[in-house]
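I opened a new structure today and kept notes as I went. The entries are short and follow the order in which I looked things up.

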Amino acid sequence: EAALALAPGAGPGAQGPGASGALEVPCVPLERGRHRLPALGVRVRQGLGLIAWQGTWDAEQAVRAVPGRPQGETEWLMQRAAALAEQGRRRLRRRGAEQEFESLREYVVGDELKRIDWKASARRHLPMVRQFESERQAELIVAVDCGRLMGSLVDGVPKLDLALTSVLDLCAVALRRGERVGFLAVDAQPRAWLPPRAGLGQLQRILEAAADLPPCREPVSWVRAVKHLDARHRKRCLVVCMTDFTDELSADDLLASMAALASRHAAIFVAVGDPHLERVFTDRAHDERALFQRAVAGHLLGERKRVLARLSRAGLVTLDAEPRALSGPLLRAYLEHRLR
């Protein structure tokens, strides 16, 4: 079933005998993904208007409704993020940032002692020093939960669709900075995997993969997601995990998976909040039902904070924000990590 709706004011067009023309009918996509265009209807009237013939033709074309921002907004965002990153670099005074191991060589007078590789020196019976080179293409992998909880509606829009705007913002900024960016979407099993690649062409591939994700029906398994990532990408990189959870009990597998991920990669954990829960907790109604709902909401928010605190102790950078207000904190956390 095509999830398309005609825009208000769209109506039929009339043409005289032998004439030709074009009629624009705006369509509003109600769901992301590929949708067939609505059937085309034509009515032909006889000259006196006494007889009419009409028919419909199924449209052969399909359109893809994609998440994200208009192109102009994305360009402005990338320029703004580049300016902020440049300001951060000017304030940075530490040496040796963004370096990776390149080779070993013999120690010479004047080398820093902290660069001595003691294990290699013991094997070769000579003091050996590590050499480093600047890491010109850092790698970023964005892992997105497309499971059941991310299908909950926020003002009539699935939470996943709103969160994908922030994902694409992050990917656009990282690609513009010259990084290699990969994409992983997972529910009960991996649904999409794009290995890290550089260039803005990768943004279009991520956009298409995000648009074709299936409906959010299955529970997410971060255990399988981490295993999938370990099997396909061994190099250490920055991994951004975007998901949601309800309470401490349901987050046990999540905590174990994130701890295993943080032991191998640098990780940013993004909890996509529910604005409805916050509204219930701050509601000032005093009837019995409202008080009960406020108590439940407060309990769930407290458990949420405890889970995020445990993730922080495991070595992850944590964020918790509503899906419509996620891009700013996410980009700030990403740029701060890269500048460190």
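The entries below go from the whole chain to single residues.

**Entry 1: the whole chain.** I noted before anything else that this is a predicted model. I looked up the secondary structure and found 9 helices and 16 strands in the chain. The chain has 340 residues, and 38% of them are buried. I then looked at the exposed surface, which comes to about 20,500 Å², with 52% of it supplied by carbon and sulfur atoms. For contacts with a separation of 6 or more, I found that 69% are between residues 24 or more positions apart.

**Entry 2: the nonpolar cores.** I looked up the largest nonpolar core and found 43 residues in it. Leu140, Leu160, Leu170, Phe183, Met242, Val270 and Tyr334 touch the most other members. Helix H3, residues 159-176, gives the most to this core, with 11 residues. A second, separate core has 25 residues, and I wrote down Ala143, Ala251, Val307 and Leu316 as being among them.

**Entry 3: Leu160.** I went back to Leu160 and listed what it touches, leaving out residues up to four places away in sequence. The list is Arg32, Val144, Asp145, Cys146, Met150, Leu213 and Cys216.

**Entry 4: Thr243.** I found Thr243 in strand E14, which covers residues 238-243. Is Thr243 buried or exposed? Its relative accessibility is 1%, and the cut-off for buried is under 20%, so Thr243 counts as buried. The side chain of Thr243 makes a polar contact with the side chain of Asp145, at 2.7 Å. Not counting residues up to four places away in sequence, Thr243 touches Asp145, Met150, Trp222, Leu254, Phe269, Val270, Ala271 and Val272. Asp145 and Met150 are also on the list I made for Leu160.

**Entry 5: strand E4.** I looked at strand E4, residues 40-45, and asked how many of its 6 residues are buried. The number is 0, so E4 lies largely in the open. E4 runs antiparallel to strand E5, residues 52-57, and 6 bridges join the two. I picked Val42 and found that its bridge partner in E5 is Gly55.

**Entry 6: Arg313.** My last residue was Arg313, which is found in helix H8, residues 288-313. Its relative accessible area is 65%, and exposed means over 50%, so Arg313 is exposed. I also checked Arg313 against Ala259, which is 54 residues apart from it in sequence. From C-alpha to C-alpha, Arg313 and Ala259 are 9.4 Å apart in space.

Notes: Residues numbered from 1 in each chain as written. Predicted model: local features only at pLDDT ≥ 70, side-chain atom pairs only at ≥ 80, totals over all residues. Heavy atoms only, no water. Helix = DSSP H or I, 4+ residues; strand = E, 2+ residues; numbered from the N terminus. Buried < 20%, exposed > 50% of the residue type's maximum accessible area, 1.4 Å probe, protein only. Polar contact = N/O pair within 3.5 Å; in protein donor to acceptor, adjacent residues only side chain to side chain. Contact = heavy atoms within 4.5 Å. Pairing = 2+ DSSP bridges. Areas by Shrake-Rupley, 256 points an atom, 1.4 Å probe, with all protein chains shown as cover. Core = buried A, V, L, I, M, F, W, Y, C linked by side-chain atoms within 4.5 Å.
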